[in-house]
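Biologist: Could you pick one part of this model and take me through it closely? I'm new to this, so plain words please, and do link one thing to the next.

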Amino acid sequence: MKEHLVTLMIFLPLAGVILQLIIPRGLDPKNNFKRWMFLFSSFASGACLSWLIFSLFYLTTGDVQAPKFIETYKWIEAYSISYSVAIDGLSASIAMLISIIFPVLIGKEWDRSTGNYGVNSLFLLLQTSLYGAVFSQDLFLLFFFWAFSSVPLYFLISIWGGREKESAAFRFMVSSAISNALLFIALILIYYSADPHGFLMGELSGGKLIGKTVSISGMTIYVANFAFLLISVGFAIRAAMWPFNGWLNSVSEQAPASIFVAVCSVSIPVSMYLFIRFAYTLFPEITARLSHIIVIIGVMNFIIAGVCAATQKDLRRLLAYICTSGIGVVLVGIGVMTSPSVTGAIYDLLVQGLGIAGVGLFSGFIFERTGQIYFQKNNGEAAIGGVAYNAPIAATVVAVFVISILGLPGSGGFIGKSLLVIGTYSSHPVVAILMVFSAIIAAYYILNVYRVIFFGKEGVNTKNVKDLKNTEKLYLIALAGIILFLGVYPAPLLELIRISGLQLLPTLR
Amino acid sequence: MSIQDFIFVLPEIFLALTICFILVAEITYHGEKIRLVSATALVGLGTALLQSVIVMMKGPARVFSGSMAIDGLTFFFRILFIGLGAITIISSVTSKEINPTMRAEYTVLLVASCLGMCVSASATDVVLGFLALQLSIMSGYFLAGYSKWHPPGNEAAIKIMIGNVTAAAFLAYGLAMIFASTGQLNMQDIHISLMSSGLSQKETLMTFVFILFAICFPLGIFPFHFWSPDVAEGAPTPVSSFLSVGIKSAALALGLRLIMALFAQPALTLGQWQILGQLEWPRILAVISSVSMLYGALLAFRQQSAKRLMGYLLVSQTGALLMGMLVLDDRGITAILFNLLVELIAVTGVFYVLSVFYDEAKTDNLEKLKLITKRAIPETIALIFFVMCIVGLPPTPGFFGKFALFEIALRYGWSLLLIVAILSMTISVIAASRLIYNMVGGLGAVYSERALVVDSWRRVFIYVLLAPLVVAAVFVQPIFEWLGKSIKFILW
């Protein structure tokens, strides 16, 4: 049973979607059963994951570091493509993020009157594709799932977006198509230069690509360097890294809260995770050689995005920039390549995703009640303010998310951020100091925003804001609870990540 | 020639008989209620399909003094063309664009075109191939201009006629040059004769360019692509898909045989070829392939008509197919055949759904389709899947087809071509996303219009087309295996 658990987990959400198609509309006129079915299939895959994590945790025999529960089938023999999935500490923690966020999103869309069915089906398709990308051990399978993951997102944005959704959807499609094209070229080059031709990550790891060349119209090009460049740019585009973060701005303005959360706190962390996977397993030498450049790009990201965030007057754009800035911090951790920094990077992806999801969902809460997401008008007047007087529970819950995003003690963010700083300090002390410094500035303006929204002068539209509804309470408090738990008792998960990270790191040194 | 030979061409004989039946029945028609034209045609096509399977079991053979080769390639293309004909007839039954009183003529033309395609796939005699291709395209003139009062249809018919006359002249001239220097008309004899005393480089260049131009026209690729988007837009919607896929595949089958026999020879490694003569003709093909891929994708970007947009996407797709030919390898041909198979279903699917919409809206303008799509959500989802399949997005089988083509291109060092191909694929994905946006963009709004009433037969037919694509995405391996096997029995 356990061998099939990963596969089961990947395809349970898809099964949920397919089951919906079978139920005739007459049997379930109010969509009640369908809603529960969506939630159940999303939860069920999460349950599989927790089983897997527990078994990973109690696994002591054998090679503890290597990926576990490998399941491999031949898929297309002519091109040596196989269906191969496995789980280790790193993928388990990113999958945890996915399996927490999607049930929450389904909860967010619970009361949607039209299109409930469409939104939830697309969320589940997205969940399947992201799980697939995270667990794949075969590059082709990984690309297959990852490239597909842009399709549900495109539909979500283009169907349920705001007034200028066409341009947002178009920008998203163009950037993801370019990113997929770059990855596809890299993939075919890697396949072609491996000997014998193949896609299995295990067989390609450990610098097998070093020294292989390909000639493009007379120029001889080293495959590893070229493919690494393509892959980095490809994932940077999908991770909305500066200077490729343009699409995220328009998506954050146009997409509704739940879709924005799906992009910002699931799709982007998965993109970063995949970059870690590729960089550490396939191109260890190049990553080690370029580590300074990676760190510099990370520093530029968190500084530039942080400065941009400070000037935003729109809650979602603010979050988008915070997300980019957080990705920059993670990138520093990837570039530094010490055990604490890698562990911190993965942990931070998880915790930051949860924090941004919380605040993103709050932006949906405020948009539903006041019809706007601008907390400050252009002339400096407060548009949303004094929410805490009418909605004390919301204020409390959002405080937890904000604390976690800022990395203050007691929240999960503190663990991730401090590990990153500790890991960075040993080799790049200046960068570590910059990280702390920028965190302090971020704390200043984010807390300022928090003060304006919750305790400031009451805005025109915020006079009659109602507090959280029961469903909202349910998922937001659960989310906040998870963040606090990750901040108080991080040891088991950190240990899992550390062990799997250790397996990747020796190849780098 | 013996009686035995006739058994091998039974499918073609059945097709010809079907044409006769329908004609005779139409002459004797005196206003009875039931005419059964389409049913007769379907029975004929079904029998022909059965016959081609039976004939295949007898193994490969050369018949009629070597003027036809009945081999794996023939088998594949017979299945493809007869299947295409059957799907087109079924989809025309329900379409409002085909006038029921003139259905007999329409069906005869369609089956005749199908017959021409089948013969051109098996012809190894250059004159027979020429005639068969002309039969299929000439029937296409009438089919394209079938709705007489529809100006774009008339334009398409005129364009395909003028273009084809020019292309036929090129082909005849090229073949005449070959005949002048070898004195043979049979491809095998020509091949043997060329092996012993080759053409000079200039002669090869001239013949190659002539034959290539002549093949480029029915393929609908740059520089002779102009008819293909026009036909896609102007012809009645079921015919659009028939002509787009059918003529292209017929030309591809004939082109494969011609080019492999005239300009290539088997290499020492099994399943590979090398160039015959001194001309580096794969380079010319590569240029044409890359220009068509980019050109089609870029122009698709600007279209306002859904059918025309598909037409340009197909120009780009056909350009990609050429990549499989220029590598001179069995795997390339397998990739071409796989792509054709996928395209057959996906393209008919797209045009079928568009014809459902067309019957309601009387237009295929992207802006106006918006109003229809939100009333017919299952059809829209199917349409999106078909389009994704054509542009090659995962998880559709189109993605595997594209991958097979790209992989083989890189294997033979065509890395620049590969980059152009992936670039044009990206552009066509973006172009297709414009089409898709117009389909789904209005879905989110609250609306109170009634759902579009789609005939349940039409809906079932859409699912029938959708099912093999979904299955093919999972079981790619058996299809590739089957194609690889049928390639082994080609009598070049």
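Modeller: Let's settle one term before we start: a helix here is a DSSP run, H or I, of at least four residues, and helices are numbered from the N terminus. Keep in mind too that this is a predicted model. I'll pick chain B, and I'll begin with its loops.

Find the loop of chain B between α9 (201-219) and α10 (227-234); B:Pro223 is in there. The peptide bond that joins B:Phe222 to B:Pro223 is cis, with omega at about 0 degrees. Further along, B:Pro395 sits in the loop between α16 (377-391) and α17 (397-411) of chain B. The bond leading into B:Pro395 from B:Pro394 is cis as well, and its omega is near 10 degrees.

There's another loop to look at, the one between α14 (330-361) and α15 (366-373) of chain B, and it holds B:Lys362. What is unusual enough to flag about the phi of B:Lys362? Phi is positive there, near 60 degrees, and the residue isn't a glycine. Is B:Lys362 buried or exposed? A residue with 12 or fewer C-beta neighbours within 10 Å is exposed, and B:Lys362 has 11 inside 10 Å, so B:Lys362 counts as exposed.

For a partner to that one, hop over to chain A. A:Met337 lies in the loop between α13 (315-336) and α14 (339-370) of chain A, and its phi is also positive, near 60 degrees, in a residue other than glycine. The surroundings are another matter: the cut-off for buried is 20 or more neighbours, and A:Met337 has 24 inside 10 Å, so A:Met337 counts as buried.

Now back to chain B, and inwards. The largest nonpolar core of the model has 381 residues, and B:Val350, B:Val387, B:Ala409 and B:Ala421 have the most contacts inside it. Helix α14(B) puts in the largest share of this core, 20 residues. Zoom in on B:Ala421: setting aside neighbours within four places in sequence, it is in contact with B:Met293, B:Ala320, B:Met323, B:Phe406 and B:Ala409. So B:Ala409 turns up again, as another of the residues with the most contacts in the core.

Next, look at where the chains meet. Chain B brings 28 residues to the contact and chain A brings 31. On the chain B side, α17, α18 (415-440) and α20 (476-488) each supply at least two residues. Which helix gives the most to that side? That would be α18(B), with 13 residues. Sorted by class, the chain B side has 19 nonpolar, 7 polar and 2 charged residues.

Since we've reached chain A, have a peek at a pair of its helices. Helix α1 (residues 5-22) and helix α4 (residues 116-135) of chain A pack at an angle of about 160 degrees, with their axes 9 Å apart. They are therefore roughly antiparallel to each other, and their crossing is left-handed. Residues making this contact include A:Met9, A:Leu14 and A:Val17 from α1(A), and A:Leu124, A:Thr128 and A:Tyr131 from α4(A). By class, the contact has 12 nonpolar residues, 6 polar ones and no charged ones.

Key. Residues numbered from 1 in each chain as written. Chains lettered and ligands numbered in written order. Predicted model: local features only at pLDDT ≥ 70, side-chain atom pairs only at ≥ 80, totals over all residues. Contact = placed C-beta atoms within 7 Å. Nonpolar A, V, L, I, M, F, W, Y, C, P; charged D, E, K, R; others polar. Axes fitted to C-alpha atoms, helices over the stretch in contact; angles between N-to-C directions. Parallel < 35°, antiparallel > 145°, perpendicular 65-115°, else oblique. Left-handed = near helix turned anticlockwise from the far one by under 90°. Core = buried A, V, L, I, M, F, W, Y, C linked by C-beta atoms within 7 Å.
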